[in-house]
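Visitor: Hi, I have a new model on my screen and would like a tour. Please start wherever you like.

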Amino acid sequence: MTESALDDIRVLDLAGETGVYATKLLADLGADVIRIEPPDGDPMRDIGPFWHDERAADRSLSFFNLNTNKRSITLDFTKPDGRALFEKLVASADVVVETFEPGYLDSLGLGYAGLCAIKPDIILTSITGFGQTGPHAHYNWSDIVGVAMGGMMNLAGEKEDPPNRPYGNQGYVCAGIDGAAGTMMALVHRDNTHHGEQAGEGQQVDVSMQETLSINMETAMMTYDMNQRVATRTGARGIIPIDIPGIGIYETKDGQIFSYLGTPGGAPWTVMLDWMNREGLAEDLNEEPNLSMIKGLNLRFLTGLVQEPDKLAERIKVLGHMYEVYKRFCASMSKWTLYEEAQKQRLMIGIVSTPEDLAKNPQLAHRDWYQDVRHDHLDASVRYAGPPYRLSETPWSLRRRPPLPGEHNVEVFGELGLSAADLARFHTQGVV
């Protein structure tokens, strides 16, 4: 077993919000990620929420989350001395990750061609809103622009709502995931083309947030391509525009559950009826016409509702009554009782988890998913989300807390041969 998957890889991290999750993924897999901040600090340190609501550069919980396992230096590589230091770092690196407007690094002579002149097998991962080429390449972008232009907002929310922006910077997260994946594929190619004294082939990885989010559209593009129909928001009901008993979000005593009964993959509605009978909460569902409806309630029946228009009104009435009975059943119990009992019976019910639910989730607790990391400057430990994957031979790990601004200047620049006097001079000049 090796220490970690990427422990022989060095990454120079120039990424802003669009790509910083990519470098986090690489760092957590063992790469030596050097976060290069401006001399006055990373703007992302000003993004809240903050530890105990104390707004400061060393208190941003958002920055904490995205910068575990990294080292931090401060450097202005637009200045001659700063550029010389950056070039030395590039010579020692495997990967550079950046999120500047296309052409910016080229204008400094530090685009892919410029970096290759320093190190021929370098990998440059560029993560932007619309990619390096095309009529929109130089348009401004942000997370909401990405989820809008990628199509996700058109499908998010209830049908009656305007398009909804998904919570949590999903555009940046998706771009970061693909950025990390593309980087690792480029590393494999570099290593596979390395022969003897001949360096392997580096390359530029070009990631468009719009493209990564378009992939999340599931069948929307195929729906238009094959049926010439534009997919729209369906909300919790799904594609059937009426209240279907057992499908959708339901209130419980202490929260909400999402239920998907009568669909492939789980037990049929009759199993739910048996449970409701045992609890004495089936009301009149054992009587006709409710019982016959329950016995035939499956996805084929639901999708064929409109094929017999003369029976549609009566069926909708029965379904509506069943919906209200099921709604009262869910409201009589806690979400965890509904979830645990449903799993025992192969009924497709899940908790609509709040952050508190996730913090207390027994499955995550059993697997020690949450990781406590000591922050000496806070005189406290901060709890972090755990691994997105578990590798038996090259494990993911949290090796160090997120860095303070420029915390590793002496360490990293010392590796390049700079003395304390050099650093003091560069600091005075605003280079570091």
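Guide: Happy to! A word on naming before we start: helices and strands here are DSSP runs, at least four residues of H or I for a helix and at least two of E for a strand, numbered from the N terminus. Please also keep in mind that this is a predicted model.

Visitor: Got it. How many helices and strands are there in the chain?

Guide: The protein chain has 19 helices and 11 strands. Its C-alpha atoms fill a box of roughly 90 × 50 × 45 Å along the principal axes.

Visitor: And what share of the residues is buried?

Guide: Of the 432 residues in the chain, 45% are buried. The accessible surface comes to about 21900 Å², and carbon and sulfur atoms account for 53% of that.

Visitor: What about contacts between residues at least 6 apart in sequence: what percentage join residues at least 24 apart?

Guide: That would be 69% of them.

Visitor: Let's zoom in on α11. Which of its residues are buried?

Guide: Helix α11 covers residues 269-278, and its buried residues are W269, M272, L273, W275 and M276. Viewed down the helix axis, these buried residues fall within an arc of 160°, so they line one face of α11.

Visitor: Nice. What covers those buried residues?

Guide: The cover includes three helices, α12 (290-295), α14 (309-331) and α15 (335-344), along with strand β9 (349-351).

Visitor: And what happens just after α11?

Guide: G280 comes there, with a positive phi of about 70°. Further on, in the loop between α11 and α12, you'll find P289. The peptide bond joining E288 to P289 is cis, with omega about 5°.

Visitor: Where else should I look for a cis bond?

Guide: Try G48 to P49, where the peptide bond is also cis, with omega near 5°. P49 sits in the loop between β2 (32-37) and α2 (61-66).

Visitor: Back to phi for a moment. Which residue other than glycine has a positive value?

Guide: N69 is one of them, with phi near 70°. N69 lies in the loop between α2 and β3. R346 is another non-glycine residue with a positive phi, near 60°, and its place is the loop between α15 and β9.

Visitor: Is N69 buried or exposed? And R346?

Guide: N69 counts as buried because its relative accessibility is 3%, and the cut-off for buried is under 20%. R346 has a relative accessible area of 53%, so it is exposed, since exposed means over 50%.

Visitor: OK, aromatics next. How many aromatic pairs does the structure hold?

Guide: There are 12. One of them is F77 with F100, an edge-to-face pair with 6.3 Å centre to centre and 75° between the planes. The pair links distant parts of the chain, 23 residues apart: F77 belongs to the loop between β3 (71-74) and α3 (80-91), and F100 to the loop between β4 (95-98) and α4 (104-107).

Visitor: How accessible are F77 and F100?

Guide: F77 is buried at 9% relative accessibility, whereas F100 is partly exposed at 25%.

Visitor: Show me another pair.

Guide: Take Y250 and Y326: their ring centres are 4.9 Å apart with the planes at 90°, so the pair is edge-to-face. Here 76 residues separate the partners, with Y250 in strand β7 (residues 247-251) and Y326 in helix α14. Both Y250 and Y326 are buried.

Visitor: Which aromatic cluster does Y326 belong to?

Guide: Y250, W269, W275, Y323, Y326 and F329 form one cluster. You'll recognise W269 and W275 from the buried residues of α11.

Visitor: What polar contact does the side chain of Y326 make?

Guide: The side chain of Y326 makes a polar contact with the side chain of S259, at 2.9 Å. S259 is in strand β8 (residues 256-260), and its relative accessible area is 0%, so it counts as buried.

Visitor: Leaving aside neighbours within four places in sequence, what is S259 in contact with?

Guide: The list is G246, I247, G248, Y250, Y326, M348 and I349. So S259 touches both Y250 and Y326, the two rings of that edge-to-face pair.

Visitor: Last one: which arginine lies over the face of a ring?

Guide: R45 lies over the face of F63, 3.9 Å from the ring centre. R425 lies over the face of F426, at 4.6 Å from the ring centre.

Technical notes:
Residues numbered from 1 in each chain as written. Predicted model: local features only at pLDDT ≥ 70, side-chain atom pairs only at ≥ 80, totals over all residues. Heavy atoms only, no water. Buried < 20%, exposed > 50% of the residue type's maximum accessible area, 1.4 Å probe, protein only. Arc of directions from axis to C-beta. Contact = heavy atoms within 4.5 Å. Polar contact = N/O pair within 3.5 Å; in protein donor to acceptor, adjacent residues only side chain to side chain. Phe/Tyr/Trp six-rings, centres within 6.5 Å; stacked < 30°, edge-to-face > 60°. Lys NZ or Arg CZ within 6 Å of the ring centre and 35° of its normal. Areas by Shrake-Rupley, 256 points an atom, 1.4 Å probe, with all protein chains shown as cover.
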